[in-house]
Amino acid sequence: MKYDFNAIIDRRNTRSYKWDQSEKLFGDKDILPLWVADMDFEGPPAVKEAILRRAEHGVYGYSVRNDSYIESITSWFQRRHDWSIQPEWISDSPGIVTSLSLAVELFSEPGGEVILQSPVYYPFYDVIKMNGRKVAKNPLILRDGRYEMDYDQLEELMKGGAKLLLLCSPHNPGGRVWEREELLKLGELCVAHGVTVISDEIHCDLVLPGHKHIPFASLSEEIADITLTTLAATKTFNLPGLQTSFIVASNPSLKRKFDYRIKTLSLHMSHFFAQDAVQAAYNEGDEWLDELMQHLSGNVEYAIQYLAEHLPQVKVIRPDATYLLWMDCRELKLDIAGLKKLMFKEAKVAFSEGSVFGDEGEGYLRINLACPRSTLQEALERFTQAAKAYTAE
C-alpha cells in the first residue's frame, strides 16, 4: 500500500485527548488507550500540505468560506454516496454534537420527548437532557448478532407525542449500516406522524466491504423535507481537532432556523485552517481512504478471530461500518465496576465501557480499532490474558 497505517506515531505529550489523560481518567499513565474515536494515523498528505500552506501566510485573520470548499463537499457526496446536494442546503457548524444540541433546542419543546435508539453514542443523551427534554428510548433489538429497529415500539412513542428523532447512521456503537428498506420504513413512520429527523451520519464514509451507506435524506423528497443531516470530514480523515462540521437541510424552514441560531451564538465564522483541510481531504483523499478501509477491515477480522480463539466467552458484534468493535462481555459476569477494574487495573487497557451508551450497553465494551496492528495486538493480548481469571475452567 502507498500509505503505512502500521507506523507507530507517538502521540504522548501532544495534548492528545486520548493519549495524555490516562493517569487522570484511569489511574495509570501506562494504560493503552483504545477508547475515544479518533485514529492513530496521519491524515492524507494533501491535508497536511494545505494546513502548512495556510500557516505560512502568517496573518491569521477572520476568514470566510468560498465556493471551492462547498464544491468539494457536493462533489464528494455525489461520487462516494450518489447523493446530489445543492450548495444552498449546506451550513457550517463547529461540530456534530453542537449541531445535535442546537437541533434538539430548535425542533422540540421544553419538557418534550426526543427519540433515540439505544444503545447509542452517549452525547445523544446529553443533548436531550441538558436541553431540558426527556429521553424517549426506542431500544434496538439484537437478533443473531445484528441490531434491528423495533418499529412497533417506535410508532408508539410517536403516537405518544414525540416529534423529534435522533438517528445514528451508520450506528455507533453497534456498527450497523441501515439498509434502504429499513430506512424507508423509518422514514414513512416519521412522515406519517410529523416527526423531524436529525440524522447523524458522521461515520458514512467508513463503511466496510459488502455494505453501502444510504443517506437518509436521499430516500425521497418527502423524507428529505423532514430531515437535517449532520456531517463532517473529521471522522473520515482524522481531523477532529480542527473542530469543523456541516449540516445539510433541503427544507428552507429547517435550515433557516438552524442558521439563525448559529448566528445568534456567533458560531458562524469560518475556522482559519479547517476549510482548507476539509477541501483538500475531499478533493484529494479518495486513495488514502480506500487504503485506510483495507487496513480497518483487516483489523476487524484480526480482532474477531483473536477473540474467538483466545476469549470465546466474549461475543463480538460484527460491524458493517465504523472502526469501532462492540463486544458482549456479559459471560464474564462482571458489573460496571468489575469491567473497569479488569480494563484499567488488571489489563492496563482503556476501551469504552458500555453503559455510557445506555442501560442496554451494560456488560459491553467498545474498542477503537483505528490503530496500527501491533497496538491492537498488544491491547487484545493484555485484555484476554487478564480476562481469563474470570472465565470458567
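Two strands count as paired here if DSSP finds at least two bridges between them. With that in hand, let's walk through this model, which is a predicted one.

**The sheet**

Four strands, in the order β11-β12-β15-β14, make up an open sheet with antiparallel pairing. Its edges are β11 (315–317) and β14 (352–353), each of which pairs on one side only. If you look at the β14 edge, you'll find that β14 and β15 (residues 364–368) run antiparallel to each other and share 2 bridges. One contact to pick out there is S352, whose bridge partner in β15 is R366.

**Helix α7**

Now over to α7, which covers residues 180–193. This helix has 14 residues and spans 20 Å from its first C-alpha to its last, close to the 20 Å expected at 1.5 Å a residue. Which residues of α7 are buried? They are E182, L183, L186, G187, L189, C190 and H193. Looking down the axis of α7, you'd see these buried residues fall within an arc of 160°, so they line one face of the helix. The face turned away from that buried side carries E181, E188 and A192, which are exposed.

What covers the buried residues of α7? The cover includes α6 (151–159), β7 (164–168), β8 (196–200) and α8 (221–224). Right after α7 comes G194, with a positive phi near 65°.

**Aromatic rings**

Searching the whole structure turns up 22 aromatic pairs. A pair of aromatic rings is described by the distance of the centres and the angle of the planes. Here are two of the pairs:

| Pair | Centre to centre | Angle between planes | Geometry |
|---|---|---|---|
| F77 and W83 | 6.0 Å | 90° | edge-to-face |
| Y302 and Y306 | 5.8 Å | 35° | tilted |

Why is the F77 and W83 pair called edge-to-face? Its planes stand at 90°, and planes over 60 degrees apart count as edge-to-face. Both partners are tucked away: F77 is buried at 1% relative accessible area, and W83 is buried at 5%.

The tyrosine pair belongs to helix α12 (residues 286–310), where Y302 and Y306 are 4 residues apart, or about one helical turn. Y306 has a relative accessibility of 12% and counts as buried, the cut-off being under 20%.

F77 and W83 also turn up in one aromatic cluster, together with F5, F41, W76, F237, F246, Y282 and W288. Elsewhere, a ring meets a charge: the charged end of R54 sits over the ring of F272, 3.8 Å from its centre.

Terms used
Residues numbered from 1 in each chain as written. Predicted model: local features only at pLDDT ≥ 70, side-chain atom pairs only at ≥ 80, totals over all residues. Heavy atoms only, no water. Expected span 1.5 Å × (residues − 1). Buried < 20%, exposed > 50% of the residue type's maximum accessible area, 1.4 Å probe, protein only. Arc of directions from axis to C-beta. Contact = heavy atoms within 4.5 Å. Phe/Tyr/Trp six-rings, centres within 6.5 Å; stacked < 30°, edge-to-face > 60°. Lys NZ or Arg CZ within 6 Å of the ring centre and 35° of its normal.
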